[in-house]
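This briefing walks through the two chains and the contact between them, topic by topic. Please keep the sequence and the model in view while reading.

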Amino acid sequence: MWDSDSTAFRWPWLALGLAALVLVLLVLWLRPWRRPSRAGAAYVAHAARLRALPRYRTLVRRQVVLGTCLTVAALVACSGAVVLAGRLQQRQTMTQEDRTRDIVLCLDASGSMAEVDAHVLREFRTIISGLRGERVGLTIWSGAAISVFPLTDDYEYVIEQLSAAEKAFASGDVYSDDYAIFTAGTVLDWDVQSQMGDGLASCVQRFDHRDEERSRAIVLASDNEPIGTGIFSVPEAADYAREEKVVVHGIAAPKTAERPAAVQEFEAAVGATGGTFSLLGEDGSTRAVIDAIADLDAKPIKRPPLVQVLDRPRLGTWLLGVGLVGMALLWAAQGVLVVRDRRQESL
Amino acid sequence: MTAHLTRIKSRLSIHAHRKVRGLLEGEYAAIHAGRGIDFNDLREYVRGDDVKDIDWKASARSRQLLVKRYVAERKHTVLLCVSTGRSMAALAGLGADSAAPTSKRELAVFVAGVTGYLAVQHGDVVGLVHGDADRQHVSRPGSGELHLERLLGTVHEAITPEGPPGDLTALLRHVVRTVRRRTILLVVTDEPAVTEEQAMLLRRLTAQHEVLILTLGDLDPTTPVMAGRRLLDVDAGVEVPPWLRRDARLHRELATLVADEAQHMRRRLDQLGIVQEQVRDLDGAVIAIFRLLERHRHARRR
């Protein structure tokens, strides 16, 4: 998803400065070159006897271990603080390149087409996963056209909607509630139904960004069996589509083959826009349409790369926390040792 | 100029009501081997005077014990032998009831001063041998308070924290080599133990001198009295860290070790027939000198 990914400090100079400060303070604190100052100190002699005692060695060993651990813990905490101060950030960039293909599924919602629609929807659902940047819309029509969803590249939503549509059509029962609810509004007048010309023209109007150079395609599934007369005839609608530079791919229902005139009209209209035509049942699939869509010229448009900068305080917080907890534990251990010594003394 | 001796005298006068001074003089007088035959005067008996000296007739007359004083036959030499290494600049151990420890330097000057003062009062001559690992020096014996004061000043100046380390062996060898006359040799040192070489030298010295040893005890670094102060090890020049000094078990172990060493040293010196006392603070110093003189007198009588 993200093309490049880099982690760096927001303020590297601050981190460097603080690290140097920690080092300087460490050296100043240890001062390996300096002998202890004699001011204000009292002298003792023959302290070498002290060093010969077994208890002295025990205490020194303990102090060395505790001191080393405390120093390490403090340094870890310091490094955590330095990392936090330097503000570690992750910089992610994504070069965006949208492919500009708009596809409107234009389905005849008349009762006779239910099975074919379900088939087309199923096929289409499988190719959604292969899409990137394309926008898909779904329009169903009979006497009138309604948009189930407009052109969008929210594929999750698209798949959800396609599944719902497929479910409604797949029942095959024209009188089921699912079907009735889904296709509600497509029939305004029972005398005017399955108007392919009107449907195609409506689908052409679903494209937006008319001023942009985009590849536009319609997948038109119909049986071209109109009842009554509509506003657009099929050739008129095809002309309109050609004017708008919309390629129409036609899928005819198997039953259309019984009416050669209808098939011819359909094929001619589709051919006029430069699309493919397939009669479902001939080869049993909508493969040709899918391939045709894949072949559609995708015009990439450049968009400025998307850059996102995220703070990554986790490492610093962890280091600081581990260091502080370590210091607290060591202090507690020191206290416990002192208390234990006192108790042993008092016994 | 007379700063050291004045301080010593005033400190002795604090003890005057306990007759410490008189007692000390008595003890000091008693350690002399020879006694003159010329009768000088009578004075009140003080503890430590030889019973043989009591003038019974005069005592019966005056109803108090009087002893005869004689003019000493010849002048004795008291030789102060002070180890002046840098360890003497450290603090001395705490006395029984003293809150703050004194420097071993002050203590060394004090014990040398008290003994020297007694000798001066008695008309004896006082000399000084002092030295460290680098060099040893003998001052010619002389009499008088001014001379003693000068000797004490020498000791005081010779002891510095930056000086060379102490070396009792070298000092004793120097005494063996350079001192010809018979003296009362008071060795003031802070060595916690006697090495075999030192023992040999001491045995050699006892043949010629009357050897008395005063050892100065060291401050226990783990004592709670010094809890708030920084302590530097004068020998190594490093600090004794505070976390070390708080430990009660270490304190106990060190106390045991020091007591063992002191006992061992005392036993070793007893074998050599040398009396030795340990001095911790200024108050205890007078008592320690008194005990030293008394023990020496008894030791000689046997």
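Across which strands of chain A does helix H5 (residues 155-170) lie, and at about what angle does it run to E6(A)? In this predicted model, H5 of chain A lies across E5 and E6 of chain A and runs at about 155° to E6(A). The points below start from the sheet to which those strands belong, go on to chain B, and end with the contact between the chains.

**The sheet of chain A**

- Six strands of chain A form an open sheet with mixed pairing, in the order E6-E5-E4-E7-E8-E9.
- Strand E6 (145-152) and strand E9 (277-279) of chain A stand at the edges with a single partner strand each, so one side of each has no neighbour in the sheet.
- Direction ignored, neighbouring strands of this sheet are turned by 15° against each other on average.

**Strand E4 of chain A**

- Eight of the eight residues of strand E4 (residues 101-108) of chain A are buried, which means that the strand is largely enclosed by the rest of the structure.
- Arg101(A), Ile103(A), Leu105(A) and Leu107(A) point one way from E4(A), while Asp102(A), Val104(A), Cys106(A) and Asp108(A) point the other way, and all are buried, the charged names in both sets included.
- E4(A) runs parallel to strand E7 (residues 215-222) of chain A, to which seven bridges join it, and it also pairs in the parallel sense with strand E5 (residues 135-141) of chain A over seven bridges.
- Leu105(A) has a bridge partner in each of these strands, namely Val219(A) in E7(A) and Leu138(A) in E5(A).
- Asp102(A), for its part, stands opposite Arg135(A) in E5(A).

**Chain B: overall content and sheet**

- Chain B contains 10 helices and nine strands, and 44% of its 302 residues count as buried.
- Among contacts in chain B between residues at least 6 apart in sequence, 77% join residues that are at least 24 apart.
- An open sheet of six strands in chain B follows the order E5-E4-E3-E6-E7-E9, and its pairing is mixed.
- Its edges are strand E5 (136-142) and strand E9 (275-279) of chain B, each with a single partner strand, so one side of each is left without a neighbour in the sheet.
- Strand E7 (residues 210-216) of chain B pairs with E9(B) in the parallel sense over five bridges, and Thr215(B) stands opposite Gln278(B) in E9(B).
- Helix H4 (residues 104-121) of chain B packs on the sheet, where it touches strands including E3 (77-83) and E4 (125-131) of chain B, and its direction makes about 175° with that of E3(B).

**Helix H5 of chain B**

- Helix H5 (residues 145-158) of chain B has 14 residues and reaches 20 Å from its first C-alpha to its last, close to the 20 Å expected at 1.5 Å a residue.
- Buried residues in H5(B) include Leu148(B), Glu149(B) and Leu151(B), as well as Leu152(B), Val155(B) and Ala158(B).

**The contact between the chains**

- The contact takes 31 residues from chain B and 21 residues from chain A.
- Strand E8 (230-233), helix H8 (242-245) and helix H9 (248-272) of chain B each supply at least two residues of the side of chain B that touches chain A, and the largest share, six residues, comes from H9(B).
- By class, that side of chain B has 19 nonpolar, two polar and 10 charged residues.
- Strand E2 (residues 41-44) of chain A pairs with E8(B) in the parallel sense over four bridges, and Val44(A) stands opposite Asp233(B) in E8(B).

Note on methods
Residues are numbered from 1 along each chain as its sequence is written. Chains are lettered from A and ligands numbered from 1 in the order in which they are written. This is a predicted model: local features need pLDDT of at least 70, side-chain atom pairs count only at pLDDT 80 or more; totals for chains, interfaces and linings use all residues. Two residues are in contact if their C-beta atoms, placed from the backbone, lie within 7 Å. Ala, Val, Leu, Ile, Met, Phe, Trp, Tyr, Cys and Pro count as nonpolar, Asp, Glu, Lys and Arg as charged, and the others, Gly among them, as polar. Two strands pair if DSSP finds at least two bridges between them. The expected span of a helix is 1.5 Å times one less than its number of residues. A residue is buried if 20 or more other C-beta atoms lie within 10 Å of its own, exposed if 12 or fewer, and partly exposed in between; C-beta atoms are placed from the backbone. Axes are lines fitted to C-alpha atoms, for helices over the stretch in contact, and angles run from 0 to 180 degrees between N-to-C directions.
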